Amino acid sequence: MDRKLKLKRGWFGDTVSYVYLTILAIIAMFPMVWILLTSVKGKGEMMGDPTAFLPKSLTLDNYRTVIQQLGFGGNVVNSIIVAMSTTLIAILISALGAYGVVRFFPKFGKLMTRVLITTYMFPPILLAVPYSIIMGKVNLMNSRVGLVIVYLSFSVPYAIWLLVGFFQTVPLEIEEAARVDGANKLQVFGKVVLPIVAPGLVAVAIYTFINAWNEFLYSLILMNSSDKMTVAVALKSLEGQEVMDWGVMMAASSMVVIPSVIFFMLIQKKIAGGLASGSIK
């Protein structure tokens, strides 16, 4: 009798939990769904009934305007290049840095990571002028390379601080066993250590990519030409028009949101995969 009561309670609790999580998911997804549906509405439909949720007819005119007339596709490509370059370089530098801190400087590791994280004490606007002066002197103004360097100066210290905790969970005996089997230091690092800390690398990748994709201040300051602007600055420039075209704005907004969502959906599977492969190693 007690077992049946526990099963009923468990079934009821699971049902309530799933219903509650489903409601939260719908609430979280509603703004993005509304943006996507609004972007495929016609101008007459937007003016006639702007609060309608479902479009009466689907049209891609807003996307054609954004891509062909406003050149927003080039801005998306700029953001993809800058965000992906920043993410890949940040993962490489932070993984090597965090591993070096844990294995070669164990006594000073905490102090070093605290020094690195102090870079976040300074607000971005405070460093805008120094960065502009430096980039101007090295001829990296209005350059994607200069923008990537600025983003790395913020993302790498936090990534190292985050990865230090993951590398500390890797037993030294596993590395020693791999060395006994004939693996060199680079092979141990790449084939044994990195699969174990893969969840941390995924977290760093998501954090770095989304921050670089959404960053506005330094992209506005360092980029002068419209053909090199990122999507955040290009989207903000649409607000300066005399008559706001909400269909075009929603189409541009969806082009900004969708890549980061796709990136997160593709890479989140690696979290569980990294845990599994790391335990097997």
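**Figure 1. The right-handed crossing of helices H4 and H10.** In this predicted model, helix H4 spans residues 72-104 and helix H10 spans residues 198-214. Their axes lie 8 Å apart and meet at an angle of about 145 degrees. On the H4 side, the contact is made by Val76, Ser79, Ile80, Ala83, Met84, Thr86, Thr87, Ala90, Ile91, Ser94 and Ala95. These residues meet Leu201, Val204, Ala205, Thr208, Phe209, Ala212 and Trp213 of H10. The contact between H4 and H10 comprises 13 nonpolar and five polar residues, with no charged residue taking part.

**Figure 2. The aromatic pair Phe167 and Phe189.** Ten aromatic pairs are counted in the model. In the pair shown here, the ring centres of Phe167 and Phe189 are 6.4 Å apart and the ring planes stand at 10 degrees, so the pair is classed as stacked; the limit for stacking is an angle under 30 degrees. The pair links distant parts of the chain, with Phe167 in helix H7 (residues 144-167) and Phe189 in helix H9 (residues 185-196). Along the sequence, Phe167 and Phe189 are 22 residues apart. Phe167 is buried, as is Phe189. Together with Tyr99 and Phe104, Phe167 and Phe189 form one aromatic cluster.

**Figure 3. The surroundings of Tyr158 in helix H7.** Tyr158 has a relative accessibility of 24% and therefore counts as partly exposed, the range for that class running from 20% to 50%. Leaving aside residues up to four places away in sequence, Tyr158 touches Ile117, Tyr120 and Tyr207. Of these contacts, the one with Tyr207 brings together positions 49 residues apart along the chain. The C-alpha atoms of Tyr158 and Tyr207 are separated by 9.7 Å.

**Figure 4. The helical chain that frames the close-up views.** The protein chain contains 14 helices and zero strands, so that every element listed from the N terminus on is α. Of its 281 residues, 38% count as buried. Among contacts between residues at least 6 apart in sequence, 73% join residues at least 24 apart. The accessible surface of the chain comes to about 17,000 Å², and carbon and sulfur atoms account for 70% of this area.

Terms used:
Residues numbered from 1 in each chain as written. Predicted model: local features only at pLDDT ≥ 70, side-chain atom pairs only at ≥ 80, totals over all residues. Heavy atoms only, no water. Helix = DSSP H or I, 4+ residues; strand = E, 2+ residues; numbered from the N terminus. Buried < 20%, exposed > 50% of the residue type's maximum accessible area, 1.4 Å probe, protein only. Contact = heavy atoms within 4.5 Å. Areas by Shrake-Rupley, 256 points an atom, 1.4 Å probe, with all protein chains shown as cover. Axes fitted to C-alpha atoms, helices over the stretch in contact; angles between N-to-C directions. Left-handed = near helix turned anticlockwise from the far one by under 90°. Nonpolar A, V, L, I, M, F, W, Y, C, P; charged D, E, K, R; others polar. Phe/Tyr/Trp six-rings, centres within 6.5 Å; stacked < 30°, edge-to-face > 60°.
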